[in-house]
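Got a minute to go through a fold together? Here it is, ready to look at.

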Amino acid sequence: MALTSVEAFHSPADKASVVQLLQKHEDNALIVAGGTFLHGLASRGLLTGIEVLIDIQNSGLDNITINTDNVVIGATTRFAQLETSQEIAQEAWLGAVKDAIAYPPIQIMNSATVGGSIASSCPFFDLPTSFLALNGAAQAHGPDGSRDIPLEEFFSGLFENSLAPAEFVTAIKLPQPPANSASAFIKLETNANDLAIVNAAVALTLDAEKKCRQARVFVGGGMGETPVRASAAENLLTGAVVDEDSIAGAGEAAKSGVDPISDHRASAEYRAAMAKVLVEKALRKALARVD
Amino acid sequence: MKQIIQLDVNDEVHEIAVQPYDSLLRALRETLGLNASKRGCDSGGCGCCTVLLDGKAVYSCMTMAMQVKDRKVTTVEGLGKVAGLDPIQQAFIDADAVQCGYCTCGIMMAAKQLLAENPNPDEDAIRKGISGNLCRCTGYQKIIEAIQLASER
Ligand code: FES
Ligand code: FES
């Protein structure tokens with residue numbers, strides 16, 4: 001599906017030039033990178049009036065930086081780059097990221113970018129659910145410089161986010177959790193190349209007695225306009241020993257806390273039932289990773 | 001407005017005029033007349049437009065021609081000729097892995113990356129390697145055998 005309204009294609013070499021183009025073309029400009037969801041947005045009628053494409057793949061935003069207190073993943077980092085990162089493969093606390101990129105076919109791995117998975121603000125995507133569980137923030141750059149927007153604020157609605165005019169996503173930041181932390185993600189899909197029916201991501205931190213110090217639980221894939229935080233499940237887990245009883249309780253709490261949509265992929269009832277199953281499985285998977 | 005770009009396809013540099021919204025697939029088929037890469041869904045769902053970009057499999061329907069400047073594109077036309085087929089092409093013939101053939105070029109390109117990175121893939125790795133490609137004749141078993149055969153040669 002060609003975006004025939006597009007009249008110009010730019011490939012700026014740095015962030016400042018991106019902002020200048022965004023200021024000049026305002027709502028008629030669209031940031032692109034891997035391009036794997038352009039069709040998805042266009043077919044939903046979300047790209048009418050786009051006249052200028054700004055490709056940020058040559059803007060120097062494709063680095064993964066490991067700091068002592070966080071991991072910063074540049075916006076145009078491709079999924080395939082994440083897959084080959086040692087840290088992401090080995091760190092238990094980043095398990096939910098590793099899990100989320102185990103699903104896409106190679107063509108998507110080679111093209112899709114981390115920034116695009118966030119900026120599209122699509123509630124059916126996988127990495128956003130993982131990044132939310134990991135308490136991630138989007139780094140945005142605009143006319144007034146850079147700022148971090150916690151992802152829970154960033155996703156403001158269906159295909160909507162809280163970027164200000166002429167701002168764009170330059171990175172995702174994941175804060176390093178305390179020791180004894182691990183995370184996991186699970187997706188339910190009809191085939192390898194489809195959006196999630198339901199997905200779930202959890203992040204756990206245990207204390208010395210193996211009790212849960214902190215839990216973050218998110219479910220996505222048609223749960224609502226954005227992935228949804230299962231606060232009741234988190235509350236139930238916090239302070240408890242994570243075992244089959246508390247896992248079942250958390251699954252049930254996640255199910256009662258969601259109000260999913262019905263569409264051609266699945267009914268709301270099925271999604272709610274699967275939210276429970278996926279949260280339970282993701283919790284077991286994360287638990288097994290805490291050492 | 002059309003713009004002139006240089007496109008390096010199968011080790012030959014072409015100077016072509018493209019619209020800023022043209023996909024690489026469109027440039028290949030309609031401007032360069034390279035018709036091996038097929039247009040199935042034109043939206044990243046079927047894989048029959050798969051080409052290699054700097055050796056990596058991508059959907060050419062989702063890649064914009066303007067994004068490909070300075071990068072190397074490989075299509076099935078660049079794999080081998082009738083006299084001197086690529087091992088993967090020969091394996092598809094020998095394993096009878098082609099029915100209507102619409103998916104074949106895309107699957108061979110996905111298999112090229114797979115075999116380049118993993119010369120001896122097991123069946124799971126092969127299934128994963130072509131999970132972004134649909135065969136509507138559903139001849140997956142023969143396709144997997146063909147890729148196995150190519151890996152053994
Ligand atoms: S035509 Fe490109 S994936 Fe179907
Ligand atoms: S051989 Fe017909 S689609 Fe695969």
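What follows is a short chat about this predicted model.

Student: What radius of gyration does chain A have, and why does that fit a compact globule?

Tutor: Start from the chain length, which is 291 residues. A compact globule with that many residues would come out near 19 Å, so the value for chain A agrees with the rule: 19 Å.

Student: How much of chain A counts as buried?

Tutor: Here, buried means under 20% relative accessible area. Apply that cut-off to the 291 residues of chain A, and the share is 56%.

Student: Which helix of chain A gives the most to the largest nonpolar core?

Tutor: That core holds 74 residues, and A:Ile73, A:Val97, A:Leu127, A:Phe131, A:Leu151 and A:Leu174 touch the most other members. As for helices, the top contributor to this core supplies eight residues and spans 268-289: helix H12.

Student: How many residues are in the second, separate core?

Tutor: Its members include A:Phe9 and A:Phe37, along with B:Leu53 and B:Val58 from chain B. The count for this core is 36 residues.

Student: Which glycine is in contact with A:Leu151, leaving aside neighbours within four places in sequence?

Tutor: Contact takes heavy atoms within 4.5 Å. Among the partners of A:Leu151 are A:Ile118, A:Phe131, A:Leu132 and A:Ile172. The list also has A:Ala137, A:Ala138 and the glycine you want, A:Gly136.

Student: How far apart are the centres of the positive and negative side chains in chain A?

Tutor: Chain A carries 21 positive side chains and 34 negative ones. Take the centre of each set, and the two lie apart by 5 Å.

Note on methods: Residues are numbered from 1 along each chain as its sequence is written. Chains are lettered from A and ligands numbered from 1 in the order in which they are written. This is a predicted model: local features need pLDDT of at least 70, side-chain atom pairs count only at pLDDT 80 or more; totals for chains, interfaces and linings use all residues. Side-chain values use heavy atoms; hydrogens and water are left out. The radius of gyration is taken over C-alpha atoms; the globule rule is 2.2 Å times the number of residues to the power 0.38. Buried means under 20% relative accessible area, exposed over 50%, partly exposed in between (1.4 Å probe, protein chains only). Lys and Arg count as positive and Asp and Glu as negative; His and the chain ends are not counted. The place of a charge is taken as NZ of Lys, CZ of Arg, CG of Asp or CD of Glu. A nonpolar core is a set of buried Ala, Val, Leu, Ile, Met, Phe, Trp, Tyr and Cys residues joined through side-chain atoms within 4.5 Å. Helices (H or I, at least four residues) and strands (E, at least two) are DSSP runs, numbered from the N terminus.
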